[in-house]
Amino acid sequence: MAPATLTRPLTLKAGTSWSDAWRRSLAVAPEAFRDDRPLNLWAGSWRTEGHVLPATSPVDGSPVAGPPRLDAATAQQAVRACLDEHRAWRHVPLPERRARVAATLDALTEYRELLALLLVWEIGKPWRLAQADVDRAIDGVRWYTDGIGPMLDGRTPLTGPVSNIASWNYPMSVLVHAMLVQALAGNAVIAKAPTDGGVACLTLACALAARAGIPVTLVSGSGGELSEALVRSPEIGCVSFVGGRDTGARIATAVADLGKRHILEQEGLNTWGVWDYTDWPALTAVVPKLFDYGKQRCTAYPRFVVQRSLFADFLEAYLPAVHSIRFGHPLAVEHPEDPPPELDYGPLINAAKARELADQVAEAIDRGAVPLHQGDLTDARFLPGQDTSAYLPPVTLLGPPSSSPLYHAEPFGPVDTIILVDTEAELLAAMNASNGALVATLATDDPATYERLAPQIRAFKTGHGKPRSRGDRDELFGGFGHSWRGAFVGGDLLVRAVTDGPPDERPPGNFPDYHLMP
């Protein structure tokens, strides 16, 4: 991206400061916040228990509200109280459950822009993507309120509440969406607030749900300290997890030992293969979209696997696109009343992640990777003198060494790596480098080639020259290999995953003793 030509220093968009967002949150849900902190929620009451650690916004390093962390004993009390709520809620008739969830959606819609603004400050989402995160939660759950009746035929709620432990990157469209569908299906729900960001947004959403009569429990704390209560407690009917493979593997071991229902979405190295391909304008158009939110999402594509004979053509299409990536402060404008800027991404989740990824890039180059593109912070939009330690310009590396974490693992940041291959066997091996992925894409002109190779790519969804994503409404979602453990979700599968059916039912999913596709 060429350095922006600005006629005047940028300023913060009027009415969008963190103090503005916090003040509005206190006015909307005074029961859920105190002067400088959000609260935990259980047994239908907002609680002041919990030790708040300092927290900063990735946007500019300024202070924001941190999660009020509970100890293990207090979390266990919250889980027991949630079981009592669950035993009552599971007998509430579906029409009433539907009405309460619909009322929650109406409230979320009313405060859509405030929820989005909290996401900007807490996890650094550009305004467009923050609004989309809120909208996807609302629209997705509304689809279930309209059509859940037939999905529940012959099914009953679980014997205990659903425990939700999710990463910070999609508090609304993943976590709140799942919680409301679980409640609609007849379950009380528990959410652990993400440690790295999003607690104020999630607290406001839970306050609106609790007002509508949804049995929601919200707790904060370290995963290690709360796992006994949120994963292993006999009161828990199902564990729903979204996060990394290391934590997911520990949870998978615990739920397998206990025979507990589970949905564990983990990371995988999603790849984009290029083989016998000529539609280069289409590739140029899609590359900036692949950098949405700085690739801090489970369905990002950080790896291109390219036929060596096409490499020159690939670069001619790819490099202009990556040069056009727009990043910076999500609320920096030329005039206070201007709309927020159109950005592909803002900061990474924190300065530590930006340093870690920059170090990995430097180490990979030192070990032989070829830097094809390295952006610069001077290309970005910033306020004068603001902290920029959480920002990382886009980077593209050719041939990362196999010793590098960038070779095997998802970077969760704006770093692309490219592997060149000469044969179809090499193509498939490189696309399957992480032993399972959530999505993949194979760009090839020949439909027959796609139909022959796509089934050999170990991803739950494989696109033909187009990106795949989590999807919404009736689109199913899961993963292969180590990218997913437990029941698949999406459409009626999400409802089946959090309800009981026939005694001999084998839900589609990736389990220790079987793998069943829908």
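Two strands count as paired here if DSSP finds at least two bridges between them. With that in hand, let's walk through this predicted model, starting with a sheet and ending with a buried arginine.

**The sheet**

Strands S17 and S18 run antiparallel and are joined by four bridges. Within this pair, Gln374 stands opposite Val395 in S18. Helix H11 packs on the sheet and touches S14, S15, S17, S18 and S19, with its direction at about 35 degrees to that of S17. Helix H14 (residues 424–431) also packs on the sheet, where its contacts are S14, S15, S19 and strand S20 (437–443). The direction of H14 makes about 165 degrees with that of S14.

How are the seven strands ordered? The open sheet reads S17-S18-S19-S15-S14-S20-S21, and its pairing is mixed. S17 and strand S21 (459–464) stand at the edges with a single partner strand each, so one side of each has no neighbour in the sheet. On average, neighbouring strands are turned by 20 degrees against each other, direction ignored.

Three of the pairings are set out below.

| Strand pair | Sense | Bridges | Residues standing opposite |
|---|---|---|---|
| S17 and S18 | antiparallel | four bridges | Gln374 and Val395 |
| S18 and S19 | parallel | four bridges | Val395 and Val415 |
| S15 and S19 | parallel | five bridges | Val306 and Leu420 |

Strand S19 (residues 415–421) deserves a pause: six of its seven residues are buried, so this strand is largely enclosed by the rest of the structure. S19 pairs with S18 (residues 395–398) and with S15 (residues 303–307).

**Helix H11**

Does the length of H11 agree or disagree with what its residue count suggests? The 13 residues of H11 (residues 311–323) should span 18 Å at 1.5 Å a residue, and the end C-alpha atoms are 18 Å apart, which agrees. The buried residues of this helix are Phe311, Phe314, Leu315, Ala317, Tyr318, Ala321 and Val322. Their cover includes strand S14 (271–274), helix H10 (280–290), S15, strand S17 (370–374), S18 and S19.

**A buried arginine**

Elsewhere, Arg97 is found in helix H3 (residues 94–110). Which side chain of opposite charge is nearest to Arg97? That is Glu96, 9.0 Å away, and Arg97 is buried yet has no salt bridge. A salt bridge would need a side-chain nitrogen of Lys or Arg within 4 Å of a carboxyl oxygen of Asp or Glu. Leaving aside residues up to four places away in sequence, Arg97 touches Trp89, Arg90, Val92, Leu152, Ala183, Leu184, Ala185 and Gly186.

Notes. Residues are numbered from 1 along each chain as its sequence is written. This is a predicted model: local features need pLDDT of at least 70, side-chain atom pairs count only at pLDDT 80 or more; totals for chains, interfaces and linings use all residues. Side-chain values use heavy atoms; hydrogens and water are left out. Buried means under 20% relative accessible area, exposed over 50%, partly exposed in between (1.4 Å probe, protein chains only). Helices (H or I, at least four residues) and strands (E, at least two) are DSSP runs, numbered from the N terminus. The expected span of a helix is 1.5 Å times one less than its number of residues. Contact means heavy atoms within 4.5 Å. Axes are lines fitted to C-alpha atoms, for helices over the stretch in contact, and angles run from 0 to 180 degrees between N-to-C directions. Lys and Arg count as positive and Asp and Glu as negative; His and the chain ends are not counted.
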